[in-house]
Structure formats: C-alpha cells, structure tokens
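Student: I should like to go through the terms used for this model and ask, in each case, on what grounds they are applied.

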Amino acid sequence: MQGLVTYLNKEFSRSMELYRKAMAIESTKRNREKGTLHEATVFTTMAHCCHMLGDIYEMEVYTNKVKEINSINYGSEFVLLTVSCQMLIGRSFYDELEFEVAQKLYEDSIDTVFHLPDFKDHQPFYYFNKWRLGCCLCRQSMFSEALNLFELSLRSNMFVSRTQSTVALWCGTCLNRMQCYHEAVQYLEESYVIRTTMLSEDLMTDPVAFDYFTTHGFATCVIGRYKESLESYDKLKTILLQRQAEHPKSRYEVRIASCQFHSAKVYYRLGNYEKAREITLLYLNILQRDEYKEENQKDQNDIFVRGCSKEIAFCHKLLGQCYYAESQFAEAAKEFKCEMNIREQITEKAIMDNGLAWCKFNLGKFYFGLRQHRLAAEQFEVAIEIWKYCDVNHLKSVRKIIRCAWWIKKSRSVANRSNSQ
C-alpha cells in the first residue's frame, strides 16, 4: 500500500524500494498464491517506475514477469497489463530514438488488443497505440502513413482533450512536412483551440508550445498569412527567453537567433529586405563564432555540425536573395557562391543536393542580371541536371525544370541578339 501511495505521489525511487521490500516479504510465505492479478498489477507498476527512472533494462525484467503471469491466466485484465508494459517499453525506445524497435512493440500491442474477445470495451488502448505507432512512423519520415494513423485515432473520439490536442498537433506536423500547408494550419489551430479554451492552459509553459509555434509560424508564412507567422515566431522567442532565464547554461542563444532567422524569411517575403538582412547577419555571426568553428572541426559527420553548416548555408542564401531583389548583383553573387561552397563540402554526392540546385539557379539569375547570359544559361542547365537526378518523377521537380528551361531560353535569346548586334 505504501508503494502505491509513493507511486501516486511520483516518488518513483521510494516506490520501487517499498515494492521490492514487499515482494521480498511475500516470497517468504509458504502458501502464497502465485500468478494473481494483484501480483501482475504490482509488476506493471514497478515497470512504470523503471520507465520514469529511465531504467529500460529493469523495466523489461518486470514486463517479462507480467508476460509469464499472462501465459498462465489468459484473460483481458492480464493481457492489458502486458500491453501496458509493452507500451512503456515502446515509449522508452522511442525516447532513445530507436524508432523501429518502438514501432514493432506498438504494432504487437495493437494486434493483441484487436484480438481480445471484448475488444470493443478496450478501444482506448487500441487507438492510443495507433497514435504512438504514428509518432514512430512520423519520426522515420513516413508522413502519409503516420497521418492516416493520427486521423484514425482522432476520429475515434476515445481520447481526453489533452491527448486529442496533441494528436491534432501531430496531424499538423505531418501535413506541414508533406507541404499541405493549408490543411496543416487547420489542425494546428484545432490543437491550439483545445489547449487554450477547453483546457485553459498557458501555452508559454506548455511542453508542446515549442513545436506548435515553430510549425504554425512556418506553415502560415508559406500560405501568405505573414502577420500570424510573425506572431507565432514572437511567442516562440518569448518562450525561449523564459527558458533561457531558467536554464542559463543551456545554448538558448543559438535557438533564439534561429527563431528570429525564421522570422527573417517572413520579412523577406514582405519585401522588408533590410530587416531580413539584419536578423540573418545576427544569426550568421553567432553560428560563425570560434566556439562553433572549433566544434565544426571535431567531427564532420556529426548531425549537429552538419546541421550547423546547413544553417550557415541557408543564411547566405537568404542574404543573396535579399541582395538580388534589390538588384545588388555583385553582393548577391558573393552570398550564393558562399552557399554553394558550403553545400559542396557537406554533401558527399553534391549532384543529389536540392539546395545546390537552388544555388545554381540563383547564380544563373545573378548572371542574367549582370547580362552575362551565356554564364546564366550554364548555371540553369546544371540546376536542371541536379533536379532530374534528385527526383525525376516528382511534380515539383518537373515544375523547377520547366522554370529553368524558361530562363535558359530567355538567356540564350538575349545572348544571340547581343552577338548579332
């Protein structure tokens, strides 16, 4: 009983200690009844304590004990305790970024619950595992499959408001990655309404707020709702500043600057090139500090380092676009060439890099602006070859190729006229 009280108070270490003592005393009894529902429930609770304490190996030990009891007493109550343990292990592997392992555990849980004789009475277990399986698929970039699971779970109406809001957020995230931005915003705003009205929560302290404002800011920018996009990025910056004050040793300075860099893209779309450049240069200066350069030299295969290099490339790209929009072609060329050099360094097969194709395309536009039409045509031709190699069947690649072909035709036409004169 004491173990349960401390467990409910979230004193997981103390709870484990009390449960172990209780189980040790119980094991000394001669006529004790083994394999009871009570024993299985205790082992499940201990498995959850291990999950909360981050001890995945001991959690598996208690899960196996529950499975042993389940093999003797096959009934819905025992099966659901086993499923609960599998869900905990799945979540632990998910947190460790072992998505394929977690996926298998959730799939097994779904199958187990579905084949229960009283399945209709336990549908919340079924749909909860569907949602968690969707999370695993989403993290493996299987967005369409994940979205189907999220929408199925959402339509089941089996969740409490908090979980429903979180699933709606995942739907928005998938659609955002699938470039279906209008639909993404609808789900994101549904999630926002649930959390702020039905739950009356302050998103400034909400754990999902960071994901919400990041995704909402990006999606609304793409569909042209710039005011809402800037508001989302401002709120995101406020959250990060608050967390920086609470954790001064963490690297929130870079994340805050990154958040502002996203807003710089909005200012670029609004035609405020000076503001966009100002914010981008601030972010670029932080990324190019000596401490980050030293880390960049440690391991070129490190995900963070490669990500940092790509961020620097994005900065140069946006600066180049700003200069190009203002017809400052010489300055634009410097930025586009910096971007191209970085992308060639961090990409093993540069020909397959979509960002490099955009570099070539932007350089082509720059040369066209300088009336170097033959050089412009060469850059556009390289961009076409890259996009063909990237994804020849993708509709958006075809559109890019058509766009480049138009520029090539225009460049050659002007070049031929100049030669004839």
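The dialogue below sets values against definitions.

Tutor: The model is predicted, so local features need pLDDT of at least 70 and side-chain atom pairs count only at pLDDT 80 or more, while totals for chains, interfaces and linings use all residues. Residues are numbered from 1 along each chain as its sequence is written, and side-chain values use heavy atoms, with hydrogens and water left out.

Student: What makes the span of helix H6 agree with the expected one?

Tutor: Helices are DSSP runs of H or I with at least four residues, numbered from the N terminus. The expected span is 1.5 Å times one less than the number of residues. Helix H6 (residues 99-114) has 16 residues, for which 22 Å is expected, and its first and last C-alpha atoms are 22 Å apart.

Student: Which residues of H6 are buried, and how do you know that they line one face of the helix?

Tutor: Buried means under 20% relative accessible area, exposed means over 50%, and partly exposed lies in between (1.4 Å probe, protein chains only). In H6 the buried residues are Phe99, Ala102, Gln103, Leu105, Tyr106, Ser109, Ile110 and Val113. Viewed down the axis of H6, these buried residues fall within an arc of 165 degrees, so they line one face. The arc is taken from the directions from the helix axis to the C-beta atoms. An α-helix has 3.6 residues a turn, so residues three or four places apart point the same way.

Student: Why is the pair of phenylalanine 114 and tyrosine 126 called tilted?

Tutor: Rings of Phe, Tyr and Trp (its six-membered ring) pair if their centres lie within 6.5 Å; planes under 30 degrees apart count as stacked, over 60 as edge-to-face and the rest as tilted. The count by this rule is 10 aromatic pairs. In the pair of phenylalanine 114 and tyrosine 126, the centres are 5.9 Å apart and the planes 35 degrees apart, hence the word tilted. Phenylalanine 114 belongs to helix H6 and tyrosine 126 to helix H7 (residues 123-139), so the pair ties together parts 12 residues apart in sequence.

Student: Are these two residues buried or partly exposed?

Tutor: Phenylalanine 114 has 44% relative accessibility and therefore counts as partly exposed. Tyrosine 126 has a relative accessible area of 12%, so it is buried.

Student: What makes the pair of tyrosine 126 and tyrosine 127 edge-to-face?

Tutor: Their planes are 85 degrees apart, with 5.1 Å from centre to centre. Both tyrosine 126 and tyrosine 127 are buried. Phe114, Tyr126 and Tyr127 form one aromatic cluster.

Student: How do you know that arginine 132 lies over the face of tryptophan 131?

Tutor: A charge sits over a ring if NZ of Lys or CZ of Arg is within 6 Å of the ring centre and within 35 degrees of the ring normal. Arginine 132 is placed over the face of tryptophan 131, at 5.2 Å from the ring centre. Lysine 265 likewise lies over the face of phenylalanine 314, at 5.8 Å from the ring centre.

Student: Why is the contact of arginine 225 with glutamate 189 called a salt bridge?

Tutor: The term requires a side-chain nitrogen of Lys or Arg within 4 Å of a carboxyl oxygen of Asp or Glu. For arginine 225 and glutamate 189, the closest N and O atoms are 2.8 Å apart. Arginine 225 lies in the loop between helix H11 (209-222) and helix H12 (226-246), and glutamate 189 in helix H10 (residues 181-198), 36 residues apart. Arginine 225 is partly exposed at 29% relative accessibility, and glutamate 189 is partly exposed at 27%.

Student: What other salt bridge does arginine 225 form?

Tutor: Arginine 225 also meets glutamate 228 in a salt bridge, at 2.6 Å from N to O. Glutamate 228 is partly exposed at 28% relative accessibility.

Student: What makes glutamate 326 and arginine 277 a salt bridge?

Tutor: Their closest N and O atoms are 2.6 Å apart. Glutamate 326 lies in the loop between helix H16 (303-325) and helix H17 (329-346), and arginine 277 in helix H14 (residues 273-287), so the pair ties together parts 49 residues apart in sequence. Arginine 277 counts as buried at 14% relative accessibility. Salt bridges that share partners join Glu189, Arg225 and Glu228 into one network.

Student: Why is no bond assigned to the sulfur of cysteine 135?

Tutor: A disulfide is a pair of cysteine sulfur atoms within 2.5 Å. The closest cysteine sulfur to that of cysteine 135 is in cysteine 136, at 6.9 Å, which is too far for a bond. The count by this rule is 0 disulfides.

Notes
Helix = DSSP H or I, 4+ residues; strand = E, 2+ residues; numbered from the N terminus.
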